[in-house]
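Please open the model in your viewer, with selection by residue number at hand. The stops below are meant to be taken in order, each one beginning with something to select.

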Amino acid sequence: MDRSLLEAAADLLRKAKTVVVLTGAGISAESGVPTFRGKDGLWKRFRAEDLATPEAFGRDPNLVWEWYRWRQSLIRKVAPNPGHLTLARWETRFDRIDIITQNVDGLHRRAGSKNIIELHGNIWKTRCTKEGTVFDSEAEPAEKGLPRCPDCGAILRPHIVWFGEMLDRSVLENAFALSAACRVMLVVGTSAYVQPAASLPLTAVQAGAALIEINPEPTPLTEMAHLSFRGKSGEILPAIEAAI
Ligand code: BJW
């Protein structure tokens, strides 16, 4: 690993009082959770239009639930990796560190992080299609059929933001405010392709933050990053921690 790059990142982070980490599917890849757009990504095998849009759920809720139950079964078997665990330890290192994640797998929380903003929802929650009430669903996975709201009997949907849906307004406002206020933003394991999440690093840079990217592949953010690590977050985050 490039020693001078590690030193540069450690130096930026040592001086930073407020840090934001934007994470994507790549941070969970080493845990065994499939990404979306990689070689073996979910969108290579499944069509987003059939599974991750409100129209798809309206057409065939059973199919959509089948897909989410399959993903729940994958995620239930995996554990947070050294990337998640390093970020969780950093909560005691910085005055303020927030994780803004696009992931729905809940692995940051399982790793021990507390300041987490889940931009795209959580696969372990459901929402009533009639009244909007959100329920924890981890403890009671419905194995077959459509899950129903215990209050009104309407169909429950995954509490996830699908394509074409607005992100929760207060969640998004909070994410933009934290991005505008941080001194360092780390962008870890995202293709930076999906909006509005991909605009958060731009907001941080425009407000004067340093941008550090960790990704085995270049992304649209690479050119504007102050430091770019080409590699796996489960290896690079612990190496940065050691250098700090
Ligand atoms: C590693 C690694 C290792 C591998 N270590 N790294 C403006 C312009 C153009 C389009 C739009 C726009 N505004 C809105 C849109 C439409 C749309 C959009 O962005 N489309 C793009 C595809 C162009 N956005 C929306 O619809 C959003 N809603 C919205 O904006 O509402 C207002 C609006 C609506 C319509 C029109 C206009 C305005 C909602 C987006 C919801 C995203 N939902 C999903 C799926 C549901 C969740 C689920 O079931 O899990 O969320 S899509 C999917 O992509 C998922 C992810 O959270 C999201 C981001 O993916 P991510 O995390 O970046 O993963 P990958 O796979 O893409 O990348 C993984 C990366 O990891 C790679 O770079 C690897 O190299 C790397 N990696 N191993 C570190 N070990």
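This is a predicted model, and the tour begins inside one of its helices: in α6, the residues Pro61, Val64, Trp65, Trp67, Tyr68, Arg69, Arg71, Gln72 and Ile75 are buried. Select residues 61–76 to see the whole of helix α6, whose 16 residues reach 22 Å from the first C-alpha to the last, close to the 22 Å expected at 1.5 Å a residue. To see what surrounds this helix, add α3 (42–45), α4 (48–51), α5 (54–59), α8 (107–111), β4 (121–128) and β6 (156–160), since these are the elements against which the buried residues of α6 pack.

Next, move to Val78, which is placed in the loop between α6 and α7. Val78 counts as buried, at 12% relative accessibility, because the cut-off for that class is under 20%. If neighbours within four places in sequence are set aside, Val78 is in contact with Ser31, Gly32, Val33, Leu107 and Arg110. A distance label drawn from Val78 to Val104 should read 14 Å between C-alpha atoms, for a separation of 26 residues in sequence.

Now select helix α7 (residues 82–89) together with α11, two helices that pack at an angle of about 30° with their axes 7 Å apart. That angle makes α7 roughly parallel to α11, and the crossing in which α7 passes α11 is left-handed. On the α7 side, the contact is made by Pro82, Gly83, Thr86, Leu87 and Arg89, while α11 contributes Ser233, Gly234, Leu237, Pro238 and Glu241. Coloured by class, this contact of α7 with α11 shows four nonpolar, four polar and two charged residues.

Keep α11 (residues 233–243) on screen and add helix α1 (residues 3–15); the axes of these two helices come within 8 Å and cross at roughly 70°. The helices α1 and α11 are therefore roughly perpendicular to each other, and α1 passes α11 in a right-handed crossing. Here Arg3, Leu6, Ala9, Ala10, Leu13 and Arg14 of α1 meet Ala239, Ile240 and Ala243 of α11. By class, the contact of α1 with α11 is made up of seven nonpolar and two charged residues, with no polar ones.

From there, go to Leu119, in the loop between β3 (116–118) and β4. Is Leu119 buried or exposed? Its relative accessibility is 3%, so Leu119 counts as buried. Not counting residues up to four places away in sequence, Leu119 touches Leu22, Ile100, Thr101, Gln102, Val161, Leu167, Val171, Leu172, Ala175, Ala197 and Leu200, and these can be shown as sticks around it. For a sense of distance, label Leu119 and Lys232, which are 113 residues apart in sequence and 22 Å apart in space, C-alpha to C-alpha.

The last stop is the loop between β7 (184–188) and α10 (200–206), where Pro196 is found. Which residue is joined to Pro196 by a cis peptide bond? The partner is Gln195, and omega for this bond is about 0°. In the loop between β7 and α10, select Ala192 as well; its phi is near 55°, a positive value in a residue other than glycine. Ala192 is buried, with a relative accessible area of 10%.

Technical notes:
Residues are numbered from 1 along each chain as its sequence is written. This is a predicted model: local features need pLDDT of at least 70, side-chain atom pairs count only at pLDDT 80 or more; totals for chains, interfaces and linings use all residues. Side-chain values use heavy atoms; hydrogens and water are left out. Axes are lines fitted to C-alpha atoms, for helices over the stretch in contact, and angles run from 0 to 180 degrees between N-to-C directions. Helices (H or I, at least four residues) and strands (E, at least two) are DSSP runs, numbered from the N terminus. Angles under 35 degrees count as roughly parallel, over 145 as roughly antiparallel, 65 to 115 as roughly perpendicular and the rest as oblique. A crossing is left-handed if the near helix is turned anticlockwise from the far one by less than a right angle, and right-handed if clockwise. Contact means heavy atoms within 4.5 Å. Ala, Val, Leu, Ile, Met, Phe, Trp, Tyr, Cys and Pro count as nonpolar, Asp, Glu, Lys and Arg as charged, and the others, Gly among them, as polar. The expected span of a helix is 1.5 Å times one less than its number of residues. Buried means under 20% relative accessible area, exposed over 50%, partly exposed in between (1.4 Å probe, protein chains only).
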